[in-house]
Amino acid sequence: MASKKIAVIGSGLIGRSFSMLFVSGGYQVSVYDVEPAQNAVAKDDIWSQLNKLEEQGLLRGSLSKEQQFANITYTEDLAECVNGAFFIQECIPERLELKKSVFAKIEKVMSPDAIMSSSTSALMPSLISGDLTHKNRFVVTHPTNPPFYAPATEVVPASWTDADVIEKTVALLKEIGQAPVLLKKEINGFVLNRIQYAILAETWNLIRDGIVSPEDCDVIMSQGLGMRYAFMGPWETAYLNADGLHSYSDRYADMIYGIQKDFLPPEKIGGETLDVIQRGMENVAGPVENLEQRRQWRDRRLVALAKLKAGMNKE
Ligand code: NAI
(Lines give C-alpha, C1' and ligand atoms only; values in the text may rest on other atoms or scores of the structure.)
Protein backbone atom coordinates (compact mmCIF):
# COMPACT_ATOMS: atom_id res chain seq x y z
CA MET A 1 0.00 0.00 0.00
CA ALA A 2 1.26 3.53 -0.80
CA SER A 3 2.67 5.51 2.15
CA LYS A 4 0.20 7.75 4.01
CA LYS A 5 3.02 9.40 5.95
CA ILE A 6 3.91 13.07 5.56
CA ALA A 7 6.90 14.73 7.26
CA VAL A 8 6.64 18.33 8.46
CA ILE A 9 9.96 20.03 9.22
CA GLY A 10 9.61 22.96 11.66
CA SER A 11 6.68 23.27 14.07
CA GLY A 12 6.14 27.04 14.05
CA LEU A 13 3.09 28.88 12.72
CA ILE A 14 3.09 27.33 9.22
CA GLY A 15 4.30 23.86 10.27
CA ARG A 16 1.33 23.58 12.64
CA SER A 17 -1.13 24.70 9.96
CA PHE A 18 0.23 22.21 7.41
CA SER A 19 0.17 19.39 9.99
CA MET A 20 -3.50 20.08 10.71
CA LEU A 21 -4.37 20.28 7.02
CA PHE A 22 -2.65 16.98 6.23
CA VAL A 23 -4.29 15.04 9.07
CA SER A 24 -7.67 16.44 8.03
CA GLY A 25 -7.13 14.51 4.78
CA GLY A 26 -6.49 11.28 6.69
CA TYR A 27 -2.67 11.36 6.49
CA GLN A 28 -0.26 10.43 9.29
CA VAL A 29 2.02 13.39 10.07
CA SER A 30 5.43 13.27 11.72
CA VAL A 31 6.71 16.65 12.92
CA TYR A 32 10.38 17.49 13.53
CA ASP A 33 11.74 20.71 15.03
CA VAL A 34 15.32 21.55 15.89
CA GLU A 35 14.04 23.04 19.17
CA PRO A 36 12.39 20.20 21.13
CA ALA A 37 10.51 22.74 23.29
CA GLN A 38 8.80 24.04 20.14
CA ASN A 39 7.19 20.64 19.55
CA ALA A 40 5.56 20.73 22.99
CA VAL A 41 4.21 24.24 22.31
CA ALA A 42 3.02 23.11 18.85
CA LYS A 43 1.18 20.11 20.30
CA ASP A 44 -0.78 22.26 22.78
CA ASP A 45 -1.51 24.88 20.15
CA ILE A 46 -2.72 22.32 17.59
CA TRP A 47 -5.14 20.86 20.15
CA SER A 48 -6.51 24.29 20.93
CA GLN A 49 -6.82 25.16 17.20
CA LEU A 50 -8.62 21.87 16.44
CA ASN A 51 -11.09 22.65 19.23
CA LYS A 52 -11.67 26.14 17.83
CA LEU A 53 -12.20 24.81 14.31
CA GLU A 54 -14.75 22.32 15.60
CA GLU A 55 -16.62 25.08 17.50
CA GLN A 56 -16.65 27.19 14.33
CA GLY A 57 -17.93 24.27 12.26
CA LEU A 58 -14.79 24.51 10.11
CA LEU A 59 -13.06 21.23 11.02
CA ARG A 60 -12.19 19.59 7.69
CA GLY A 61 -12.40 15.96 6.63
CA SER A 62 -14.29 13.03 8.09
CA LEU A 63 -12.12 12.32 11.16
CA SER A 64 -12.94 13.65 14.63
CA LYS A 65 -10.63 16.23 16.22
CA GLU A 66 -9.35 13.50 18.57
CA GLN A 67 -8.45 11.25 15.62
CA GLN A 68 -6.79 14.12 13.76
CA PHE A 69 -4.80 15.08 16.88
CA ALA A 70 -3.69 11.47 17.40
CA ASN A 71 -2.43 11.26 13.81
CA ILE A 72 0.27 13.89 14.46
CA THR A 73 3.41 12.60 16.16
CA TYR A 74 6.48 14.57 17.16
CA THR A 75 10.16 13.65 16.99
CA GLU A 76 13.56 15.16 17.74
CA ASP A 77 15.18 13.05 15.01
CA LEU A 78 15.11 14.30 11.43
CA ALA A 79 15.79 10.85 9.90
CA GLU A 80 12.94 9.28 11.88
CA CYS A 81 10.62 12.08 10.77
CA VAL A 82 11.45 11.70 7.07
CA ASN A 83 11.75 7.90 6.99
CA GLY A 84 8.97 6.38 4.84
CA ALA A 85 7.28 9.73 4.11
CA PHE A 86 6.05 10.26 0.53
CA PHE A 87 5.80 14.05 1.02
CA ILE A 88 8.07 16.33 3.10
CA GLN A 89 6.88 19.87 3.87
CA GLU A 90 9.64 22.18 5.13
CA CYS A 91 8.44 25.05 7.35
CA ILE A 92 11.65 26.52 8.84
CA PRO A 93 12.69 30.21 8.93
CA GLU A 94 13.05 32.16 5.69
CA ARG A 95 16.84 31.94 5.33
CA LEU A 96 18.29 30.55 2.09
CA GLU A 97 21.43 28.94 3.55
CA LEU A 98 19.43 27.31 6.37
CA LYS A 99 16.87 25.87 3.96
CA LYS A 100 19.61 24.59 1.61
CA SER A 101 21.44 22.85 4.45
CA VAL A 102 18.27 21.24 5.84
CA PHE A 103 17.22 19.91 2.40
CA ALA A 104 20.76 18.54 1.91
CA LYS A 105 20.22 16.53 5.12
CA ILE A 106 16.67 15.52 4.17
CA GLU A 107 17.57 14.10 0.76
CA LYS A 108 20.14 11.79 2.34
CA VAL A 109 17.48 10.05 4.46
CA MET A 110 14.31 10.28 2.37
CA SER A 111 12.85 7.67 -0.02
CA PRO A 112 14.28 8.46 -3.48
CA ASP A 113 10.82 9.06 -4.95
CA ALA A 114 9.57 11.28 -2.08
CA ILE A 115 8.65 14.92 -2.71
CA MET A 116 10.61 17.72 -1.00
CA SER A 117 8.39 20.78 -0.67
CA SER A 118 9.27 24.19 0.81
CA SER A 119 6.87 26.72 2.36
CA THR A 120 9.15 29.62 1.39
CA SER A 121 7.38 32.95 0.91
CA ALA A 122 9.85 34.36 -1.59
CA LEU A 123 12.94 32.22 -2.23
CA MET A 124 13.11 30.91 -5.79
CA PRO A 125 12.91 27.10 -6.00
CA SER A 126 16.01 26.98 -8.24
CA LEU A 127 18.02 28.79 -5.53
CA ILE A 128 16.99 26.43 -2.74
CA SER A 129 17.31 23.21 -4.74
CA GLY A 130 20.10 23.93 -7.27
CA ASP A 131 22.81 22.05 -5.33
CA LEU A 132 20.67 19.04 -4.33
CA THR A 133 21.34 15.59 -5.78
CA HIS A 134 17.57 14.97 -6.06
CA LYS A 135 16.67 18.49 -7.18
CA ASN A 136 14.12 16.97 -9.59
CA ARG A 137 12.04 15.98 -6.51
CA PHE A 138 11.83 19.58 -5.21
CA VAL A 139 8.95 22.08 -5.43
CA VAL A 140 7.77 25.16 -3.54
CA THR A 141 4.33 24.99 -1.89
CA HIS A 142 3.63 28.51 -0.62
CA PRO A 143 0.52 28.86 1.56
CA THR A 144 -1.45 32.01 2.30
CA ASN A 145 -1.63 32.75 6.01
CA PRO A 146 -3.75 31.55 7.79
CA PRO A 147 -4.02 28.52 5.47
CA PHE A 148 -7.23 27.14 7.04
CA TYR A 149 -9.13 30.34 6.26
CA ALA A 150 -7.27 31.46 3.09
CA PRO A 151 -6.79 28.26 1.07
CA ALA A 152 -4.96 29.63 -2.02
CA THR A 153 -1.57 27.89 -2.19
CA GLU A 154 1.06 28.62 -4.83
CA VAL A 155 2.87 25.61 -6.30
CA VAL A 156 6.14 26.77 -7.87
CA PRO A 157 8.37 24.26 -9.67
CA ALA A 158 11.96 24.85 -10.78
CA SER A 159 12.77 24.08 -14.43
CA TRP A 160 14.10 20.66 -13.34
CA THR A 161 11.15 19.59 -11.15
CA ASP A 162 9.70 16.22 -12.28
CA ALA A 163 6.18 16.36 -13.77
CA ASP A 164 4.87 13.80 -11.26
CA VAL A 165 6.11 15.97 -8.35
CA ILE A 166 3.98 18.84 -9.63
CA GLU A 167 0.94 16.66 -10.33
CA LYS A 168 1.06 14.89 -6.97
CA THR A 169 1.56 18.14 -5.03
CA VAL A 170 -1.42 19.79 -6.73
CA ALA A 171 -3.55 16.65 -6.19
CA LEU A 172 -2.60 16.46 -2.49
CA LEU A 173 -3.49 20.12 -1.92
CA LYS A 174 -6.87 19.69 -3.62
CA GLU A 175 -7.56 16.57 -1.59
CA ILE A 176 -7.04 18.42 1.72
CA GLY A 177 -9.32 21.29 0.66
CA GLN A 178 -6.72 23.89 -0.37
CA ALA A 179 -6.93 25.87 -3.62
CA PRO A 180 -3.63 25.18 -5.44
CA VAL A 181 -2.38 27.61 -8.07
CA LEU A 182 0.36 26.20 -10.31
CA LEU A 183 2.91 28.69 -11.64
CA LYS A 184 4.18 27.59 -15.03
CA LYS A 185 7.65 28.85 -14.15
CA GLU A 186 9.35 30.51 -11.21
CA ILE A 187 9.39 34.28 -10.80
CA ASN A 188 10.65 36.51 -8.02
CA GLY A 189 7.84 37.05 -5.46
CA PHE A 190 5.62 34.37 -7.06
CA VAL A 191 2.14 35.68 -7.97
CA LEU A 192 0.35 36.53 -4.72
CA ASN A 193 3.09 38.81 -3.46
CA ARG A 194 3.67 40.45 -6.85
CA ILE A 195 -0.01 41.46 -6.87
CA GLN A 196 0.11 42.48 -3.20
CA TYR A 197 3.25 44.58 -3.73
CA ALA A 198 1.80 46.23 -6.86
CA ILE A 199 -1.09 47.43 -4.65
CA LEU A 200 1.35 48.62 -1.97
CA ALA A 201 3.39 50.50 -4.60
CA GLU A 202 0.44 52.35 -6.15
CA THR A 203 -1.24 53.22 -2.83
CA TRP A 204 2.15 54.42 -1.54
CA ASN A 205 2.50 56.82 -4.48
CA LEU A 206 -1.08 58.09 -4.09
CA ILE A 207 -0.54 58.77 -0.37
CA ARG A 208 2.91 60.34 -0.89
CA ASP A 209 1.52 62.69 -3.55
CA GLY A 210 -1.29 63.84 -1.25
CA ILE A 211 -4.12 62.36 -3.34
CA VAL A 212 -5.67 60.20 -0.64
CA SER A 213 -5.17 59.40 3.05
CA PRO A 214 -3.94 55.98 4.21
CA GLU A 215 -7.26 55.55 6.04
CA ASP A 216 -9.24 56.12 2.83
CA CYS A 217 -7.05 53.64 0.91
CA ASP A 218 -8.35 51.07 3.37
CA VAL A 219 -11.94 52.12 2.61
CA ILE A 220 -11.32 51.69 -1.14
CA MET A 221 -10.03 48.17 -0.55
CA SER A 222 -12.32 46.88 2.23
CA GLN A 223 -15.57 48.59 1.13
CA GLY A 224 -14.89 48.64 -2.61
CA LEU A 225 -12.52 46.34 -4.48
CA GLY A 226 -12.32 43.79 -1.66
CA MET A 227 -16.08 43.19 -1.66
CA ARG A 228 -15.75 41.60 -5.10
CA TYR A 229 -12.27 40.20 -4.68
CA ALA A 230 -13.47 37.98 -1.83
CA PHE A 231 -15.10 35.78 -4.46
CA MET A 232 -13.78 36.74 -7.92
CA GLY A 233 -10.57 38.02 -9.50
CA PRO A 234 -9.82 41.16 -11.53
CA TRP A 235 -10.49 39.54 -14.90
CA GLU A 236 -13.88 38.09 -14.00
CA THR A 237 -14.70 41.52 -12.57
CA ALA A 238 -13.87 43.02 -15.97
CA TYR A 239 -15.70 40.24 -17.83
CA LEU A 240 -18.92 40.94 -15.92
CA ASN A 241 -18.54 44.74 -16.10
CA ALA A 242 -19.12 44.60 -19.89
CA ASP A 243 -20.42 41.92 -22.22
CA GLY A 244 -17.24 39.87 -22.04
CA LEU A 245 -13.65 40.95 -22.43
CA HIS A 246 -13.76 42.12 -26.04
CA SER A 247 -16.61 44.42 -25.18
CA TYR A 248 -14.65 45.54 -22.08
CA SER A 249 -11.65 46.28 -24.27
CA ASP A 250 -13.73 48.25 -26.82
CA ARG A 251 -15.18 50.37 -24.03
CA TYR A 252 -12.31 50.86 -21.63
CA ALA A 253 -8.91 49.83 -23.06
CA ASP A 254 -7.83 53.35 -24.11
CA MET A 255 -8.88 54.86 -20.80
CA ILE A 256 -7.17 52.12 -18.78
CA TYR A 257 -3.96 52.34 -20.78
CA GLY A 258 -3.91 56.12 -20.35
CA ILE A 259 -4.05 55.69 -16.57
CA GLN A 260 -1.55 52.80 -16.49
CA LYS A 261 0.96 54.94 -18.43
CA ASP A 262 0.67 57.52 -15.61
CA PHE A 263 1.81 55.04 -12.95
CA LEU A 264 4.98 56.21 -11.25
CA PRO A 265 7.86 53.84 -10.46
CA PRO A 266 7.87 52.19 -7.01
CA GLU A 267 9.78 53.73 -4.13
CA LYS A 268 11.45 51.86 -1.30
CA ILE A 269 9.25 51.97 1.83
CA GLY A 270 10.66 54.46 4.38
CA GLY A 271 11.01 58.15 5.25
CA GLU A 272 8.24 60.73 5.65
CA THR A 273 5.56 58.85 3.70
CA LEU A 274 6.02 55.93 6.04
CA ASP A 275 5.44 58.23 9.04
CA VAL A 276 2.20 59.44 7.44
CA ILE A 277 1.00 55.87 6.85
CA GLN A 278 2.02 54.79 10.37
CA ARG A 279 -0.13 57.60 11.85
CA GLY A 280 -3.01 56.64 9.54
CA MET A 281 -2.86 53.01 10.62
CA GLU A 282 -2.75 54.04 14.29
CA ASN A 283 -6.07 55.83 13.62
CA VAL A 284 -7.51 52.75 11.89
CA ALA A 285 -6.13 49.92 14.02
CA GLY A 286 -5.05 51.54 17.33
CA PRO A 287 -1.58 51.90 18.82
CA VAL A 288 1.08 49.26 18.20
CA GLU A 289 0.96 48.21 21.90
CA ASN A 290 -2.66 47.05 21.48
CA LEU A 291 -2.40 45.19 18.19
CA GLU A 292 -3.32 41.83 19.68
CA GLN A 293 -6.90 43.04 20.17
CA ARG A 294 -7.07 44.18 16.54
CA ARG A 295 -5.58 40.84 15.35
CA GLN A 296 -8.37 39.01 17.16
CA TRP A 297 -10.88 41.37 15.49
CA ARG A 298 -9.32 40.48 12.09
CA ASP A 299 -9.37 36.75 12.83
CA ARG A 300 -13.07 36.82 13.84
CA ARG A 301 -13.88 38.44 10.49
CA LEU A 302 -11.75 35.96 8.57
CA VAL A 303 -13.58 33.08 10.25
CA ALA A 304 -16.98 34.62 9.47
CA LEU A 305 -15.96 35.16 5.84
CA ALA A 306 -14.60 31.61 5.52
CA LYS A 307 -17.93 30.25 6.85
CA LEU A 308 -19.93 32.45 4.50
CA LYS A 309 -17.87 31.30 1.53
CA ALA A 310 -18.06 27.63 2.58
CA GLY A 311 -21.87 27.96 2.68
CA MET A 312 -22.01 29.77 -0.69
CA ASN A 313 -19.78 27.18 -2.38
CA LYS A 314 -22.58 24.68 -1.80
CA GLU A 315 -24.94 26.83 -3.95
P1 NAI B 1 8.21 30.22 12.62
O2 NAI B 1 9.35 31.06 13.09
O3 NAI B 1 6.88 30.36 13.27
O4 NAI B 1 8.63 28.67 12.71
C5 NAI B 1 9.85 28.17 12.26
C6 NAI B 1 10.15 26.89 13.05
O7 NAI B 1 11.29 26.25 12.46
C8 NAI B 1 10.49 27.13 14.52
O9 NAI B 1 9.71 26.27 15.33
C10 NAI B 1 11.98 26.76 14.61
O11 NAI B 1 12.35 26.20 15.89
C12 NAI B 1 12.09 25.73 13.51
N13 NAI B 1 13.44 25.53 12.99
C14 NAI B 1 14.45 26.42 12.86
N15 NAI B 1 15.53 25.82 12.31
C16 NAI B 1 15.18 24.52 12.09
C17 NAI B 1 15.88 23.41 11.55
N18 NAI B 1 17.13 23.50 11.13
N19 NAI B 1 15.23 22.23 11.49
C20 NAI B 1 13.95 22.11 11.94
N21 NAI B 1 13.25 23.14 12.46
C22 NAI B 1 13.87 24.33 12.53
O23 NAI B 1 8.11 30.50 11.04
P24 NAI B 1 6.81 30.39 10.11
O25 NAI B 1 6.07 31.67 10.13
O26 NAI B 1 6.11 29.13 10.40
O27 NAI B 1 7.49 30.31 8.65
C28 NAI B 1 8.03 29.11 8.13
C29 NAI B 1 8.19 29.27 6.63
O30 NAI B 1 6.91 29.50 6.04
C31 NAI B 1 9.08 30.44 6.19
O32 NAI B 1 9.82 30.08 5.05
C33 NAI B 1 8.07 31.52 5.85
O34 NAI B 1 8.57 32.45 4.91
C35 NAI B 1 6.95 30.67 5.24
N36 NAI B 1 5.64 31.30 5.25
C37 NAI B 1 5.23 32.02 6.35
C38 NAI B 1 3.99 32.66 6.34
C39 NAI B 1 3.54 33.45 7.53
O40 NAI B 1 2.61 34.25 7.38
N41 NAI B 1 4.14 33.27 8.70
C42 NAI B 1 3.08 32.57 5.16
C43 NAI B 1 3.59 31.72 4.10
C44 NAI B 1 4.83 31.13 4.15
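**Notebook: the ligand and a second pocket**

I started with serine 121, where a side-chain N or O atom sits 2.7 Å from an oxygen atom of the ligand. I then looked up how much of the ligand is covered: on its own it has 840 Å² of accessible area, and the protein covers 78% of that. A reminder to myself: this is a predicted model.

Next I checked the backbone. Leucine 13 has a polar backbone atom 3.1 Å from an oxygen atom of the ligand. For isoleucine 92, a backbone N or O atom lies 3.3 Å from a ligand oxygen.

Which residues come nearest to the ligand? I found 24 residues around it, and Asp33, Gln38, Glu94, Lys99 and Ser121 come nearest. I sorted the shell by class and got 11 nonpolar, nine polar and four charged residues.

Then I asked myself which element gives the largest share of this shell. The answer is helix 5, with three residues. Helix 5 spans 96–109, and at least two shell residues each come from this helix, from helix 1 (13–24) and from strand 6 (138–143).

My last stop was the second largest pocket, which holds about 220 Å³ of space. I noted 17 lining residues, with Ser3, Phe86, Phe87, Ile115 and Lys168 closest to the centre of the pocket. Helix 7 (residues 163–175) gives the largest share of this lining, five residues. By class, I wrote down nine nonpolar, four polar and four charged residues for the lining.

Technical notes: Residues are numbered from 1 along each chain as its sequence is written. This is a predicted model: local features need pLDDT of at least 70, side-chain atom pairs count only at pLDDT 80 or more; totals for chains, interfaces and linings use all residues. Side-chain values use heavy atoms; hydrogens and water are left out. A residue is near a molecule or strand if one of its heavy atoms lies within 4 Å of it. A polar contact is a pair of N or O atoms within 3.5 Å; within protein, one must be able to donate a hydrogen and the other to accept it, and residues adjacent in sequence count only if both atoms are side-chain atoms. Accessible areas come from the Shrake-Rupley method with a 1.4 Å probe; for residues, only the protein chains shown count as cover. Helices (H or I, at least four residues) and strands (E, at least two) are DSSP runs, numbered from the N terminus. Ala, Val, Leu, Ile, Met, Phe, Trp, Tyr, Cys and Pro count as nonpolar, Asp, Glu, Lys and Arg as charged, and the others, Gly among them, as polar. On a 1 Å grid over the protein atoms alone, a cavity is a set of points where a 1.4 Å probe fits but cannot get out, and a pocket is an open set with protein on both sides within 12 Å along at least five of seven lines; lining residues have an atom within 4 Å of a point. Grid points are joined across faces, edges and corners, and a volume is the space filled by probe spheres set on the points.
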